[in-house]
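Student: I would like a close look at one helix pair and what surrounds it. Please take me through it step by step.

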Amino acid sequence: MTERVQWEELPADFRDAVEFHTGPVITTESVTSGFNCSLALVVRTRSSGCLFLKGARTSDDAGMAGLLCEERVNEVVEGVSPTIRHRFESAGWLALAFVYVDGRHVDYGPGTGDRPALTRATRRMHRLRTPGHPLPQFSDRFAGHLRPGEADILKGSHLLHTDTNPHNVLISAPGGDAYVVDWAMPALGPAWIDPAQIAVWLMAYGHAPADALAWLRGTPSWRQADRRAVETFVNVTCRKFTKSVGEKDAAASNARFHHLLDSRH
């Protein structure tokens with residue numbers, strides 16, 4: 001995990017720039033989850049209420065790339081992800097101030113009651129429009145592992161999050177709505193990719209494959225998925241993971257992905 005910088009450790013000019021827009025910062029709380037930013041704070045301010053402040057040093061190429069991706073797609077993920085209220089760039093730092101979601105990380109385990117919120121979130125994601133700026137194709141993630149024709153099979157024009165691990169899905173309180181956060185690695189591809197990955201997470205956290213697939217069949221994009229594209233997604237995902245960690249260590253994860261082929265389209 002990236003080392004976190006606390007509010008008091010930030011340059012005075014940067015803190016002044018923040019407080020100029022938000023009013024005095026009353027309290028701050030560091031957020032320890034996540035991997036792609038040096039600054040992750042819940043800040044309670046006098047004029048703007050509670051905000052989530054996420055930032056990186058401008059010298060951090062990877063951190064900046066992720067923040068700029070989040071900034072560019074934010075206008076089209078309204079209702080799925082928190083809105084950006086402010087942008088600050090000063091004293092060698094760039095930060096985005098998001099509307100704060102008071103809640104917890106999703107629990108993908110059985111019996112938690114979070115699946116209905118996930119269903120509502122994936123339906124909202126199904127309606128997302130494509131951003132007006134270029135994004136990579138999802139299939140680009142598999143460069144070096146694709147066989148002839150597979151990139152074309154996985155092509156799509158739908159905006160994808162691509163990393164729905166539990167730290168990137170928040171369940172609000174009250175209300176129980178699911179918000180998908182951290183759009184640092186968006187891509188274009190078939191609309192069913194994100195729901196399929198959530199179904200695999202459900203299996204990883206203890207759901208029986210039949211239960212996870214029953215949930216998945218409730219998402220509109222999955223019901224429209226092309227069988228050949230699903231097979232390609234499963235095969236190339238397993239191929240890449242096996243190459244990365246070895247056949248033995250990849251076996252359990254690959255088995256969960258192969259269960260996606262059990263679902264009828």
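Tutor: What follows goes from one residue to a helix pair, then to the cores. The model is predicted.

Start with His258. His258 belongs to helix α9, residues 247-258. Is His258 buried or exposed? Neither label fits: its relative accessibility is 36%, so His258 counts as partly exposed. Leaving out residues up to four places away in sequence, His258 has contacts with Val234, Asn235 and Cys238. Asp107 gives a sense of distance. From His258 to Asp107 is 151 residues in sequence and 23 Å in space, C-alpha to C-alpha.

Now the helix pair. Two packed helices are described by an axis angle and an axis distance. Helix α8 covers residues 227-245, and its axis lies 8 Å from that of α9, at an angle of about 165°. Angles over 145 degrees count as roughly antiparallel, so α8 is roughly antiparallel to α9. The crossing of the two helices is right-handed.

Which residues of α8 and α9 meet? From α8 come Phe233, Val234, Asn235, Thr237, Cys238, Phe241, Thr242 and Val245. From α9 come Glu247, Asp249, Ala250, Ser253, Asn254, Phe257 and His258. By class, this contact holds seven nonpolar, six polar and two charged residues.

Follow Phe233 of α8 away from the pair. Beyond residues up to four places away in sequence, Phe233 touches Phe138, Leu154, Trp192, Ile193, Ala196, Gln197, Phe257 and Leu260. Phe257 is also one of the α9 residues that meet α8.

That leads to the nonpolar core. In soluble globular proteins, nonpolar side chains tend to be buried together. The largest nonpolar core here has 36 residues. Those touching the most other members are Leu118, Trp192, Trp222, Val230, Phe233, Val234 and Leu260. Two or more residues each come from α3 (115-126), β8 (169-172), α5 (193-204), α6 (209-216) and α8. The largest share, seven residues, is from α5. A second, separate core has 15 residues, including Val25, Leu41, Phe88 and Ala97.

Phe88 brings in a last residue, Thr22. Thr22 sits in helix α1, residues 12-22. Its relative accessibility is 1%, and under 20% means buried, so Thr22 counts as buried. Setting aside residues up to four places away in sequence, Thr22 touches Thr45, Arg46, Ser47, Ser48, Leu51, His86 and Phe88. Set the two residues side by side: Thr22 is buried, whereas His258 is partly exposed.

Notes: Residues are numbered from 1 along each chain as its sequence is written. This is a predicted model: local features need pLDDT of at least 70, side-chain atom pairs count only at pLDDT 80 or more; totals for chains, interfaces and linings use all residues. Side-chain values use heavy atoms; hydrogens and water are left out. Helices (H or I, at least four residues) and strands (E, at least two) are DSSP runs, numbered from the N terminus. Buried means under 20% relative accessible area, exposed over 50%, partly exposed in between (1.4 Å probe, protein chains only). Contact means heavy atoms within 4.5 Å. Axes are lines fitted to C-alpha atoms, for helices over the stretch in contact, and angles run from 0 to 180 degrees between N-to-C directions. Angles under 35 degrees count as roughly parallel, over 145 as roughly antiparallel, 65 to 115 as roughly perpendicular and the rest as oblique. A crossing is left-handed if the near helix is turned anticlockwise from the far one by less than a right angle, and right-handed if clockwise. Ala, Val, Leu, Ile, Met, Phe, Trp, Tyr, Cys and Pro count as nonpolar, Asp, Glu, Lys and Arg as charged, and the others, Gly among them, as polar. A nonpolar core is a set of buried Ala, Val, Leu, Ile, Met, Phe, Trp, Tyr and Cys residues joined through side-chain atoms within 4.5 Å.
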